[in-house]
Amino acid sequence: LIGIEKLHHAMDLGRGVLLIGAHVGSFDALRAASTLRPDVTVRVVLDAEHSPALSAILRQLNPRIAAGIINPRKDGTAVALEIGTALNQGALVTMLADRGRPGNVTACVDFLGGPAEFPTAPWQIAAALHVPIVLCVGLYRGGNRYDLHFEIVAEQLQIDRKERQKQLRVVIQDFANRLADLLRVAPYNWFNFYDFWNDRPPGDDQPDARSSPTARG
């Protein structure tokens, strides 16, 4: 366990925690988070219809977590309210922040040397609800060994409405950099069945073309 004390610190702030993950490594990180603090509820934002295999794995790892899945296919406002309710109750709410659903608002940042789109919704939700954000990744290291990484991204994300796009791009670039560092350590842990790179340079965001507020799991 790497950085578990940081997760405990975020949880002890008493505002719930938004656990940000990616299509990297294993869902065992979620099971570990739930067993370390059995008094805390873990809720997962996951598109079960799009990712039936992940849903099945999650049911095997922890049926309690699987039963509390938040479906991002619902209306965006309904999803945000469900996430907000869970966080207000002190839950750990986890979502994957490296891919956007069709129609999502995205920001274009540098990722492993090329421009890539990342959804803005997780960060907007965290800023609106004033909750700490913790990066959570479980890297498979061979045999029965996993390295579970927990890093505090922000204890309370501040987004100024007038500078929203610029500030979102900064925090998402930081997330992309952290993710790239982990992938350089364990590149075979990346489930890269997705076209990350595009022709638009970082900073050339087009929010009007991507309008849904929810993130994909």
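A residue is called buried when its relative accessible area is under 20%, exposed when that area is over 50%, and partly exposed in between. The exercises below apply this to a predicted model.

**Exercise 1. Decide whether Tyr-140 and Tyr-146 are buried, exposed or partly exposed, and then say how their rings are arranged.**

Solution. Begin with Tyr-140, whose relative accessible area is 38%, so that Tyr-140 is partly exposed. Continue with Tyr-146, which has a relative accessible area of 31% and is therefore partly exposed. For the rings, recall that a pair of aromatic rings is described by the distance of the centres and the angle of the planes. The structure holds seven aromatic pairs. In the pair of Tyr-140 and Tyr-146 the ring centres are 5.2 Å apart and the planes stand at 55 degrees, so this pair is tilted.

**Exercise 2. Find how the rings of Trp-190 and Trp-197 are arranged, and name the aromatic cluster to which these residues belong.**

Solution. The centres of the two rings, those of Trp-190 and Trp-197, are 6.0 Å apart, and because their planes meet at 85 degrees the pair is edge-to-face. Next comes the accessibility: Trp-190 is buried, since its relative accessible area is 17%, whereas Trp-197, at 33% relative accessibility, counts as partly exposed. Finally, Trp-190 and Trp-197 form one aromatic cluster together with Phe-111, Phe-118, Trp-123 and Phe-175.

**Exercise 3. Describe how strand S5 is covered and how S5 pairs with strand S4.**

Solution. Strand S5 takes in residues 114–119 and is mostly covered, with six of its six residues buried. In a regular strand the side chains alternate between the two faces of the sheet. In S5, Gly-114, Ala-116 and Phe-118 point one way, while Pro-115, Glu-117 and Pro-119 point the other way, and all of them are buried. The partner is strand S4 (residues 106–111), which pairs with S5 in the antiparallel sense over six bridges. Within this pairing, Thr-106 stands opposite Pro-119 in S5.

**Exercise 4. Where do Leu-112 and His-130 lie, and what is the sign of phi in each of them?**

Solution. Most residues other than glycine have a negative phi, and most peptide bonds are trans. Leu-112, however, has a positive phi of about 55 degrees although it is not a glycine. Its place is in the loop between S4 and S5, and the hairpin made by these strands has two residues between them. Leu-112 counts as partly exposed, because its relative accessibility is 33%. His-130, which is likewise a residue other than glycine, has a positive phi near 60 degrees. His-130 is found in the loop between helix H6 (121–129) and strand S6 (133–140), and its relative accessible area of 39% is why it is partly exposed.

**Exercise 5. Which residues beyond their sequence neighbours are in contact with Ile-2 and with Asn-189?**

Solution. Ile-2 lies in the segment before helix H1 (4–12) and, with a relative accessible area of 41%, is partly exposed. Once the neighbours within four places in sequence are left aside, Ile-2 is in contact with Asp-147, Leu-148, His-149 and Phe-150. Phe-150 is 148 residues away from Ile-2 along the chain, yet their C-alpha atoms are separated by 6.2 Å. Asn-189 is found in the segment after helix H7 (164–185), and a relative accessible area of 7% makes Asn-189 buried. With neighbours within four places in sequence again left aside, Asn-189 is in contact with His-23, Val-24 and Gly-25, and also with Gly-138, Leu-139 and Tyr-140.

Conventions:
Residues numbered from 1 in each chain as written. Predicted model: local features only at pLDDT ≥ 70, side-chain atom pairs only at ≥ 80, totals over all residues. Heavy atoms only, no water. Helix = DSSP H or I, 4+ residues; strand = E, 2+ residues; numbered from the N terminus. Buried < 20%, exposed > 50% of the residue type's maximum accessible area, 1.4 Å probe, protein only. Contact = heavy atoms within 4.5 Å. Pairing = 2+ DSSP bridges. Phe/Tyr/Trp six-rings, centres within 6.5 Å; stacked < 30°, edge-to-face > 60°.
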